[in-house]
Amino acid sequence: MLERYSELRLGALPSTTPLIRSMQAQEPMPVTAAEVADSLPPGEARRLQAQLATGTGFYLPLLGRGRTLGVITLWWSAGHAPAPEDLAAARECADRIGLALDNGRLYRQQAALAEELQRSLLTQPFRPAGAEVAVRYTPAAEAARVGGDWYDAFRSPSGAMTLVIGDVVGHDTAAAAAMGQLRGLLRGIATYSDAGPGEVLRGLDVAMDHLDFPTLATCAVARLTEVEGGGATMVWSSAGHLSPVVLHADGSLGAPDPWQGDLLLGVDGLAARHEHVVALPPGSTVLMFTDGLVERRHEDLDTGLARLRAVVAELAGCPLDVLCDQVVERLVHGRPDDDVALVAVRLR
């Protein structure tokens with residue numbers, strides 16, 4: 001009966017009814033069953049109201065930062081009246097509920113805005129004719145759904161494909177803003193100079209130093225150049241970032257690269273940058289990722305990297321999009337402690 005009345009009540013109430021006046025005035029309002037019955041037009045809602053309420057009622061608006069988000073209706077049976085402490089407790093409950101509802105509204109609004117900002121900074125990757133490209137971004141479950149992780153894939157003036165993965169220190173809008181600037185700066189340096197990954201990172205570090213860019217970041221850049229007969233040569237360089245994972249067409253994994261220890265960006269503009277060369281036969285897959293995919297608070301990094309390589313090897317026969325989805329799902333289960341970004345390319 002109560003559920004049916006709840007369905008009918010708001011549609012049947014005229015604007016002059018005590019409940020509507022209470023919500024508009026944002027003030028608690030006492031009411032009697034007779035007053036409510038008189039405010040309802042004849043019909044099912046009025047009959048149900050007469051059966052449900054026979055005594056004294058009280059409307060309590062649910063307020064959140066000046067907004068009316070709902071109302072609580074309390075009724076006492078005939079012959080009973082609320083004590084002052086009853087009304088005080090009811091008002092306290094209404095205030096807390098209103099604030100909680102508004103906090104939820106603000107959180108959803110902030111999360112949607114932050115995610116839209118992040119997606120706008122992470123544009124769609126370049127998709128060459130001879131390769132498949134997939135990208136993924138999963139924000140940290142406990143952060144503001146925006147942070148400093150980024151991926152990129154674009155074509156160099158020479159026709160080579162450039163992959164970028166990076167991570168600015170921080171998990172907030174400031175980190176996202178810094179990420180957007182670094183990403184654009186790196187793109188500009190790479191496309192103007194058409195230089196190799198090591199020189200691009202060196203140029204980015206020099207630019208950050210010259211512009212007094214107050215941030216730290218890790219970054220890896222890979223450049224894939226097609227070779228005659230199929231496949232490609234990958235030259236990559238890392239500024240404090242994790243090495244790419246290479247999966248061959250036969251399901252085997254490329255040997256893990258030894259950690260070179262190149263400095264992250266923003267520490268020393270004159271730091272040396274080393275390059276590494278990897279031959280990629282046709283059908284090879286390259287996966288570049290941020291540390292949120294493998295790093296855990298309760299274990300060392302090598303354990304996380306070994307788990308990633310095992311999952312990639314197990315999924316070797318899957319389409320590229322399925323591989324990326326499954327890697328993220330199996331390693332962080334959709335709720336990472338840190339932001340996760342990855343970019344993958346598979347040679348046809």
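**Two antiparallel sheets and the helices packed on them**

In this predicted model, strand 8 (residues 232–239) and strand 10 form an antiparallel pair held over five bridges. Within this pair, Met234 has Val278 of strand 10 as its bridge partner, while Trp236 stands opposite His276. Helpfully for anyone tracing the backbone, strands pair through backbone hydrogen bonds, in either a parallel or an antiparallel sense.

The pair belongs to an open sheet of five strands, ordered 5-6-7-8-10, with antiparallel pairing. Strand 5 (149–155) and strand 10 (276–280) each have a single partner strand and stand at the edges, so one side of each is left without a neighbour in the sheet. On average, and with direction ignored, neighbouring strands here are turned by 15° against each other.

In a regular strand, side chains alternate between the two faces of the sheet. Strand 10 shows a covered face made of His276, Val278 and Leu280, whereas Val277 and Ala279 make up the uncovered one. Two helices can be placed against the five strands. Helix 6 (residues 173–193) lies across strand 5, strand 6 (161–168) and strand 7 (217–226), and runs at about 20° to strand 5. Helix 7 (residues 197–210) also packs on the sheet, where it touches strand 7 and strand 8, and its direction makes about 30° with that of strand 8.

Attention now turns to the other sheet. Four strands form an open sheet in the order 4-12-11-9, again with antiparallel pairing. Its edge strands, strand 4 (131–138) and strand 9 (245–247), each pair on one side only. Here too, the average turn between neighbouring strands is 15°, direction ignored. Strand 9 and strand 11 (residues 285–289) are joined in the antiparallel sense over three bridges, with Val246 opposite Val286 of strand 11. Helix 9 packs on this sheet and touches strand 4, strand 9, strand 11 and strand 12 (340–347); the direction of helix 9 makes about 25° with that of strand 4.

Helix 9 (residues 320–332) has a helical partner as well: helix 8 (residues 301–314) packs with helix 9 at an angle of about 140°, and their axes are 10 Å apart. That angle is why helix 8 counts as oblique to helix 9. The crossing of helix 8 past helix 9 is right-handed. On the helix 8 side, the contact involves Leu308, Val311, Val312 and Glu314, which meet Val327, Arg330 and Leu331 of helix 9. Sorted by class, this contact has five nonpolar and two charged residues, and no polar ones.

Notes: Residues are numbered from 1 along each chain as its sequence is written. This is a predicted model: local features need pLDDT of at least 70, side-chain atom pairs count only at pLDDT 80 or more; totals for chains, interfaces and linings use all residues. Side-chain values use heavy atoms; hydrogens and water are left out. Axes are lines fitted to C-alpha atoms, for helices over the stretch in contact, and angles run from 0 to 180 degrees between N-to-C directions. Angles under 35 degrees count as roughly parallel, over 145 as roughly antiparallel, 65 to 115 as roughly perpendicular and the rest as oblique. A crossing is left-handed if the near helix is turned anticlockwise from the far one by less than a right angle, and right-handed if clockwise. Contact means heavy atoms within 4.5 Å. Ala, Val, Leu, Ile, Met, Phe, Trp, Tyr, Cys and Pro count as nonpolar, Asp, Glu, Lys and Arg as charged, and the others, Gly among them, as polar. Two strands pair if DSSP finds at least two bridges between them. Buried means under 20% relative accessible area, exposed over 50%, partly exposed in between (1.4 Å probe, protein chains only).
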